[in-house]
Amino acid sequence: MRTWQRWLGLAISLNLAGWLSAEVVSNNLTRERENAEDLSIVAFGFDDPALASDGLIRAAGISLQILIQPLNQVAKLGDNVSFDVAALGAEPLYYQWRFNGASLSGETNYALQLNGITTNQAGSYSVVVSNLAGSVTSAVARLSIIASPSILVAPQSQAVVQGAQAMFIVGATGGEPFSYQWELNGLPIPGANSLTLIITNVQDADAGSYRVVVSNVVGAAWSDPATLTVLHLPSIDELQTDPLPLYAPSTWPIGQTITLSATATGDPPLVYQWSRNDEPIAEATNAFYVFNLETTNAGAYRVTVTNRVGSALSQPISVNLPAGPQITTQPKSQVLFVGSPVFFNVAATGTSPLSYQWFFNGVEFPFATNPGFGLASAPIFAGGDYSAVVANDFGSATSEIATLTVIVPILSASHAGSSYRSPGTTTIACQLDYAKEVSLISLVCRPVLPAGWMLVSAHGPGQPQVVNDTVVFAGPFTNNPLTFSYTVNVPANQGGTNEVQSIMEYRFAGLLNPATQTALPDRLSLTGETLARWTAIFTDAQGVCHLELAGTAGRGYILETTSEFTGWLVLATTNANSAGRVAWVDPGATDQPHRFYRAREQ
């Protein structure tokens, strides 16, 4: 037979026929006993009192043990608290409850009931369970008495200037730990869960009633509300003049009645104080100020607006008397290359409108009627004196004279050469003549040569070097004019007329426009020279030697002879004809066994 009964969550299975197994499960605790003839289980508090006529089940052979220990308790003052124990063993079972190790008089039941607890009942509770076979003591159960929260220091109402920081703080007593929840106008503030509430950059939306709920495991307390008031500094939104200025900037005629007015916001009351040149004006304490313009009351006017929170100072309003022009920035003299842009500028103060007129060498320059005047490309004849006249209804002013010097930096650039030989070399002589007012600081020559011709060397001041088909000079230079040359290799099979260009890139110091400039001499035409060669050598019947040479037209050639190479004898000097031909006859060869000839240019 198997019987089930439940007590405070404890499941007990009994098999009373043959082998007996008793299994108790509570807080993962398991107990098993076998081969027992009798089992006695104390089951106070069972739901079914009919389990046994006297509330007991008789058994033997089971040692005394506690099945369910009393549990720790947390309560507040005045609560009712109960500690319970369940034990297993041979009856009768006896109970004695203890407090902090001392027996409690009259507390001899399986349950200890404490009603309306006080602080002196907090401590350690245990129970000794005994029978005729012995006793066993339960684990200690702790009773903790925690006071409900009580507000000790309530948050205080405060007034804060808009944009500043506000802080509320609360102090509480009672059993810790505490939880906090701040509220604004009765609604929880998300994330506001500490004993302080800090509000940065306070705005109107933050104004209202604040309180905090302080709670712990046994209760909660609400603070009294605290009010946050947002204060507003004065702000000056607009300043106006009536009438508007008749002249610019901020200028009225003498005797004009002028009304200055200010529009301001902020917590009332607002108090106004006008000032001129930072000196307060007596009795000027309204939102507007009226006065007649005289020579003594022109200046910079401001208004200060004050309330209980603070003050604001306006930007100044200038009230000016009419004035003739005064030049504050004079045009500057300039030195530049011909073709460079040029610009003059003048600045002036005075009652507007101001008019401008530029002059060149004392003569009015047409259409030059702005503060600035310039030329996109200055010709050589633009050099001279420039000035400006600034005028208004109250007078005029003439600027200082600015002198423009226009320089032609390169007076001349040339290169020279006449002919070349193929194959062979030819040298090009170059010259750069520049103005004495400038200082030449760099020079590069880039020859443009016929196909196949090659730049090989350069000579002149500044230690010229050949780099990537370019002649590079090291400046600065003191030679003026600057002369230099470069040598070119001419390949074979070249003839006729070929052109060479010498591009000169230079830079000067001390000018407003020091950028690299370029000089392009006229292209240079070079005529190829024919290499002289023998075209005929023969002896006639009389033994006379005839010789014929092909060379360069008009060039002179010298004929020389020798018999034993002990010395050369000049036979004749002859110029080549228009076809480049030269012919000689040597009658002296008739008596010679052998004879040698050579021809060379004159």
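# Reading the calls in a predicted model

Guide: In this predicted model, strands β57, β56 and β59 lie in that order in an open sheet of 3 strands with antiparallel pairing. The edge strands are β57 (569–575) and β59, each of which pairs on one side only. From one strand to the next the twist averages 20°.

Visitor: How do you know that β56 pairs with β57?

Guide: Two strands count as paired if there are at least two bridges between them. Between β56 and β57 there are 6 bridges, and the two run antiparallel, so they are paired by that rule. As one point of reference, T561 stands opposite L569 in β57.

Visitor: What makes β43 and β47 edge strands?

Guide: They belong to an open sheet of 4 strands, ordered β43-β45-β50-β47, with antiparallel pairing. β43 (410–416) and β47 (454–459) each have a single partner strand, so one side of each is left without a neighbour in the sheet. The twist in this sheet averages 20° from one strand to the next.

Visitor: How do you know that β47 is joined to β50?

Guide: The requirement is at least two bridges. 5 bridges join β47 to β50 (residues 482–490), and the strands run antiparallel, so the pairing is accepted. Within it, L455 has V488 of β50 as its bridge partner.

Visitor: Why is C430 not counted in a disulfide?

Guide: The sulfur atoms of a disulfide must be within 2.5 Å. The nearest cysteine sulfur to that of C430 belongs to C445 and is 4.9 Å away, so the pair fails the cut-off. The search of the whole structure finds 0 disulfides.

Visitor: Is C430 buried or exposed?

Guide: Buried means under 20% relative accessible area. C430 has 4%, so it is buried. C545 is also at 4% relative accessibility and therefore counts as buried.

Visitor: Why is the contact between K76 and D79 called a salt bridge?

Guide: A side-chain nitrogen of Lys or Arg has to lie within 4 Å of a carboxyl oxygen of Asp or Glu. For K76 and D79 the closest N and O atoms are 3.3 Å apart, so the pair qualifies. K76, at 29% relative accessibility, counts as partly exposed, and D79 is partly exposed at 23%. The whole structure has 8 salt bridges.

Visitor: What makes E601 and R555 a salt bridge?

Guide: Their closest N and O atoms are 3.7 Å apart, and the limit is 4 Å, so the pair is accepted. The pair links distant parts of the chain, 46 residues apart: E601 is in β59 (residues 596–601), while R555 is in the loop between β55 (545–550) and β56 (556–562). E601 counts as partly exposed at 28% relative accessibility, as does R555 at 23%.

Visitor: In the salt bridge of D586 and R595, which residue is buried and which is partly exposed?

Guide: The N to O distance of this pair is 2.7 Å. D586 has 5% relative accessibility, so it counts as buried. R595 has 22%, so it counts as partly exposed. Elsewhere, E560, R598 and R600 are joined into one network by salt bridges that share partners.

Visitor: What does the side chain of Q334 reach, and why is Q334 called buried?

Guide: The side chain of Q334 reaches the backbone oxygen of F343 at 2.7 Å. A polar contact needs N or O atoms within 3.5 Å, so the distance passes. Q334 lies in strand β34 (residues 334–337). Its relative accessibility is 13%, so Q334 counts as buried.

Visitor: Why are F178 and Y180 called edge-to-face?

Guide: Ring centres must lie within 6.5 Å to pair, and planes over 60 degrees apart count as edge-to-face. The centres of F178 and Y180 are 6.4 Å apart and the planes stand at 80°, so both conditions hold. F178 is buried, with 14% relative accessible area, and Y180 is buried at 17%.

Visitor: How many aromatic pairs are there, and which residues form one cluster?

Guide: The count is 18 aromatic pairs. One aromatic cluster is formed by F344, W358, F360, F365, F373 and Y386.

Definitions and conventions
Residues numbered from 1 in each chain as written. Predicted model: local features only at pLDDT ≥ 70, side-chain atom pairs only at ≥ 80, totals over all residues. Heavy atoms only, no water. Buried < 20%, exposed > 50% of the residue type's maximum accessible area, 1.4 Å probe, protein only. Axes fitted to C-alpha atoms, helices over the stretch in contact; angles between N-to-C directions. Polar contact = N/O pair within 3.5 Å; in protein donor to acceptor, adjacent residues only side chain to side chain. Phe/Tyr/Trp six-rings, centres within 6.5 Å; stacked < 30°, edge-to-face > 60°.
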